[in-house]
Amino acid sequence: MPKVKMLSEEMNYDLADFFKIFGDSTRIKILYALYQSEMCVNDLVKDLGMTQSAISHQLRVLRQNDIVKFKRDGQSAIYSLDDDHVEALLAKGIEHIKHKNGYEEE
């Protein structure tokens with residue numbers, strides 16, 4: 001019987017921590033909004049119906065974990081998904097849930 005190759009302990013913990021970031025419905029709302037378009041905090045507040053404080057807190061968590069990035073535009077910070085990997089993970093997650101739970105296309 002072949003022996004499977006395992007991740008290093010450090011990689012295993014890092015990967016588990018990475019996926020924990022996706023385990024919060026507020027962060028998923030923010031990520032899905034950013035999946036569709038770059039946005040500033042005020043736009044996220046308006047579109048998601050949440051407080052500026054709640055959005056800013058979650059964006060800080062997402063930024064610290066390299067899930068989102070921002071660029072300055074005058075006084076505003078414009079947020080977007082950090083890279084194609086994050087976009088692909090979100091897209092595959094949505095695809096999987098739609099398939100498994102029979103959701104109609106939105």
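Contact, in this talk, means heavy atoms within 4.5 Å. Buried means under 20% relative accessible area, exposed means over 50%, and partly exposed lies in between, with a 1.4 Å probe and protein chains only. Helices (H or I, at least four residues) and strands (E, at least two) are DSSP runs, numbered from the N terminus.

A word on the source. This is a predicted model, where local features need pLDDT of at least 70, side-chain atom pairs count only at pLDDT 80 or more, and totals for chains, interfaces and linings use all residues. Residues are numbered from 1 along each chain as its sequence is written, and side-chain values use heavy atoms, with hydrogens and water left out.

Let's start with helix α4. Which of its residues are buried? They are I55, S56, Q58, L59, V61 and L62. And what covers them? The cover includes α2, α3, β2 (68-73) and β3. Now the length of α4. The expected span of a helix is 1.5 Å times one less than its number of residues. α4 has 13 residues, so it should span 18 Å, and its end C-alpha atoms are indeed 18 Å apart.

After α4 comes D66. D66 sits in the loop between α4 and β2. Its phi is positive, about 55°, although D66 is not a glycine. For background, most residues other than glycine have a negative phi. Is D66 buried or exposed? D66 is exposed, at 53% relative accessible area.

Next, the sheet. Strands pair here if DSSP finds at least two bridges between them. Three strands form an open sheet, in the order β1-β3-β2, and the pairing is antiparallel. β1 (39-40) and β2 stand at the edges with a single partner strand each, so one side of each has no neighbour in the sheet.

How many bridges join β2 to β3? Six, and the two strands run antiparallel. K71 has I78 of β3 as its bridge partner. The hairpin of β2 and β3 has two residues between the strands, and there G74 takes a positive phi near 65°. On the other side, two bridges join β1 to β3, again antiparallel. C40 stands opposite I78 in β3.

Helices lie on this sheet. A note on angles: axes are lines fitted to C-alpha atoms, for helices over the stretch in contact, and angles run from 0 to 180 degrees between N-to-C directions. α2 lies across β1, β2 and β3, and runs at about 90° to β3. α4 packs on the sheet too, touching β2 and β3, and its direction makes about 110° with that of β2.

One residue of strand β3 deserves a stop: S80. S80 counts as buried, at 10% relative accessibility. What does S80 touch, leaving aside neighbours within four places in sequence? L34, E38, V68 and K69.

Now the core. A nonpolar core is a set of buried Ala, Val, Leu, Ile, Met, Phe, Trp, Tyr and Cys residues, joined through side-chain atoms within 4.5 Å. The largest one here has 21 residues. Which of them touch the most other members? L31, L34, L44, L59 and V68. The elements that each supply at least two residues of this core are α2 (25-36), α3 (41-48), α4 (52-64), β3 (76-81) and α5 (84-101). Take L31. Not counting residues up to four places away in sequence, L31 touches F22, L62, I67, V68, L81 and L90. In general, nonpolar side chains of soluble globular proteins tend to be buried together.

F22 brings us to the aromatic rings. Rings of Phe, Tyr and Trp (its six-membered ring) pair if their centres lie within 6.5 Å; planes under 30 degrees apart count as stacked, over 60 as edge-to-face, and the rest as tilted. The structure holds five such pairs. In one, F18 and F22 have ring centres 5.3 Å apart and planes at 65°, so the pair is edge-to-face. In another, F19 and F22 have centres 6.4 Å apart and planes at 45°, so the pair is tilted. F18, F19 and F22 form one aromatic cluster. How accessible are they? F22 counts as buried, at 17%. F18 is partly exposed at 24%, and F19 is partly exposed at 44%.

Last stop, helix α5, where we find A91. A91 is partly exposed, at 24% relative accessibility. A91 and Y32 are 59 residues apart in sequence, and their C-alpha atoms are 9.1 Å apart in space.
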